[in-house]
Amino acid sequence: MLGSGRGGSLRRVALPLQHAVFLAGACWVLLSLSLLCVGLCHQGTEGRPGLKAGGNCIDRERKALLAVRADIWYTQNYPPFSSWEKINGEDCCLWEGVECDNQTGHVIKLDLRRPHSTDDDDYDDQDFYVTYKLMEDDPMGDSKVSPSLLNLTWLRYLDLSNNYFGRAPFPSFIGALVNLEYLNLSRAGFGGTLPPQLGGLHHLHSLDLSRNGFFLKVENLRWLSHLSHLQYLDMSRVDLSAATDWLHVINSIPSLSVVRLFGCGLQTLPTTLPQVNFTSLSTLDLSWNYFVSTWPLWLFNITSLTELDLSYTFDSGPIIPDEFEKMKHLEVLKLGGLGIDGGVTPPSLLTLNKLKELHLSGIRVPEHMEKLSNLRTLALSYIGQIPESLGNLSRLESLYIQGYIITVPESLGNLVNMKDLILYSYDTISRGGIPESLGKLRGLKTLDVYGFNVSHEVLRNMGHLCNLTRLEVSGNIGRGAEVNELFEGLSQCTKGSSLEHLALRDNGFGGHLPHQVGQLSNLNSLDLAGNSIVGSIPASIGELKSLTKLILRDNNLTGLVPSSIGQLSNLMSLDISSNRLDGVLSDAHFANLSKFKNFGMSYNPALSLSKTLQNRPCISQMASNTEEATGS
């Protein structure tokens, strides 16, 4: 018993001793881990060169960012870039356009793009000097790409687009930023030859060098074949005329999903391709390149395409093959332009039942358009009569028609989902007509009509389009149409007219300006120049508080100019020239025109300025400048 008791006692004592040893060891491990953690944390702020304690921003990279910003005109002068330190202090990871890695603190993203004036990339790509440098309302200085970028070695995303770099040579050192995955230097005004060092950006997924005003060029594209992960490529308006191997190079990158080579001066388009490697390609834009060749049949083997743009592509007129049924995934198709033979649309095009956007230029429109039942946008450059089947495209939202001897069908009124309609005729002799059914398109937001016969009924029916924000009817022949019926119709909109821009220029419309003009409360631009409008200017025009431009010149307006015009505090331009107005313009006519810049009153023999206004240089000078410009 005693022995067993002692043994049991020893065992009871031994267990706590084992616990003690274990606990002591555990404490030592925990202490070591704590010290290690402190050391690591200390190393995280002090051991890493350039990292500033108390924030995620690495000091060397912060200085690099400031140097880059200092060399870009836009970021020097416009918040939030010019106010980085004021808004978010010293921590560059919080600055606008900057993003850091959460773990390392390294800058991985720099976005200093200058906002573009429009979301629409017009094919009218103008010279950058004209586009930016001469913009009076936003003068722009030359920028530079600072070599300090090289201190941002972990950068994955770089966007300097829409800045102007004065046609400076493309910076070759960007090729040393080997971690880049996204690079956008579009619309940046670079010049010279693209450096082959760009081929060192092996991780690049997206490359946009487009629209540098055709000042950029390449000697060859071999460097591009090294970018094996590239998915998005836009080199539109880069001079690729020397790159005779362009197709071979691009075909060697199977990861490509989007390729845009608009207006690159390409002249060779091989009609055969031994092996098509475009297994991922969804978008191909080769527009505005004047290829001297027949239609390339290998295009129909890229069955993954959802968007194809071949407008203004061929220098001579190839016959379009009838094999579109292979492109069953196409949603956007743009064909035609210079060199197209003007033949019939291939019947197989009507099998593209997923097509949402179709542009045809110089190609005869197919009769059975209703088969393209998913179309949302249709653009036609055309000669002759548009088929009645147009009215069966019930989902159509945008329609653009331009050309000669155009006849728009009455079925236009069936397109009740239409939001935007532009009709433009170049024919000045046998003008086509606009159907009265236009008035049924109650959902229209935008309506532009140029070069047609516009009847009394059509103009009156436009007054039923209460959702319009833009109405421009210019350069037409008014067949007894009177503007007062349009204004009277719009004034009856139950929720008020949405109209912001109204231009009825050079149509010869008659009628008068009714008092209902003042009910178009959203108007910011009203241009009625070049008509035969009679009567006086209604005082209610002073109720258009949003109006910035009022152009009434070249009409037959009579009577006094209402002083209520002086209440248009946002008005910048007023032209009442070439009418038969009379009386004296006084201070009341200009009382609240604090933003006033342009004024015309010439060719109104009985209209004059008061003596007070004659002594105000700003008003009298504007009036005399207008008279000198018009020769009065």
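Colour the chain by secondary structure to begin: this predicted model contains 10 helices and 29 strands. With the whole chain still selected, switch to a surface representation, whose accessible area comes to about 29,000 Å², with 52% of that area belonging to carbon and sulfur atoms. Of the 632 residues over which this surface is drawn, 49% count as buried. If you then display contacts with a separation of 6 or more, residues 24 or more positions apart account for 58% of them.

Next, select the rings of Phe, Tyr and Trp, which form 15 aromatic pairs when centres within 6.5 Å are taken as the criterion. Zoom in on Tyr157 and Tyr182, whose ring centres lie 4.1 Å apart and whose planes meet at 5°; because planes under 30 degrees apart count as stacked, this pair is a stacked one. Showing the backbone around the two rings places Tyr157 in strand β3 (residues 157-159) and Tyr182 in strand β4 (residues 182-184), so that the pair, 25 residues apart, links distant parts of the chain.

Stay with this pair and ask of one partner: is Tyr182 buried, partly exposed or exposed? Its relative accessibility is 22%, and since buried requires a value under 20% and exposed one over 50%, Tyr182 counts as partly exposed.

Now add Lys109 to the selection and turn to the other partner, Tyr157: the charged end of Lys109 sits over the ring of Tyr157, at 4.5 Å from the ring centre.

For the last stop, select Tyr404, Tyr424, Tyr426 and Tyr450 together, where ring pairs link these four residues into a cluster.

Key
Residues numbered from 1 in each chain as written. Predicted model: local features only at pLDDT ≥ 70, side-chain atom pairs only at ≥ 80, totals over all residues. Heavy atoms only, no water. Phe/Tyr/Trp six-rings, centres within 6.5 Å; stacked < 30°, edge-to-face > 60°. Helix = DSSP H or I, 4+ residues; strand = E, 2+ residues; numbered from the N terminus. Buried < 20%, exposed > 50% of the residue type's maximum accessible area, 1.4 Å probe, protein only. Lys NZ or Arg CZ within 6 Å of the ring centre and 35° of its normal. Contact = heavy atoms within 4.5 Å. Areas by Shrake-Rupley, 256 points an atom, 1.4 Å probe, with all protein chains shown as cover.
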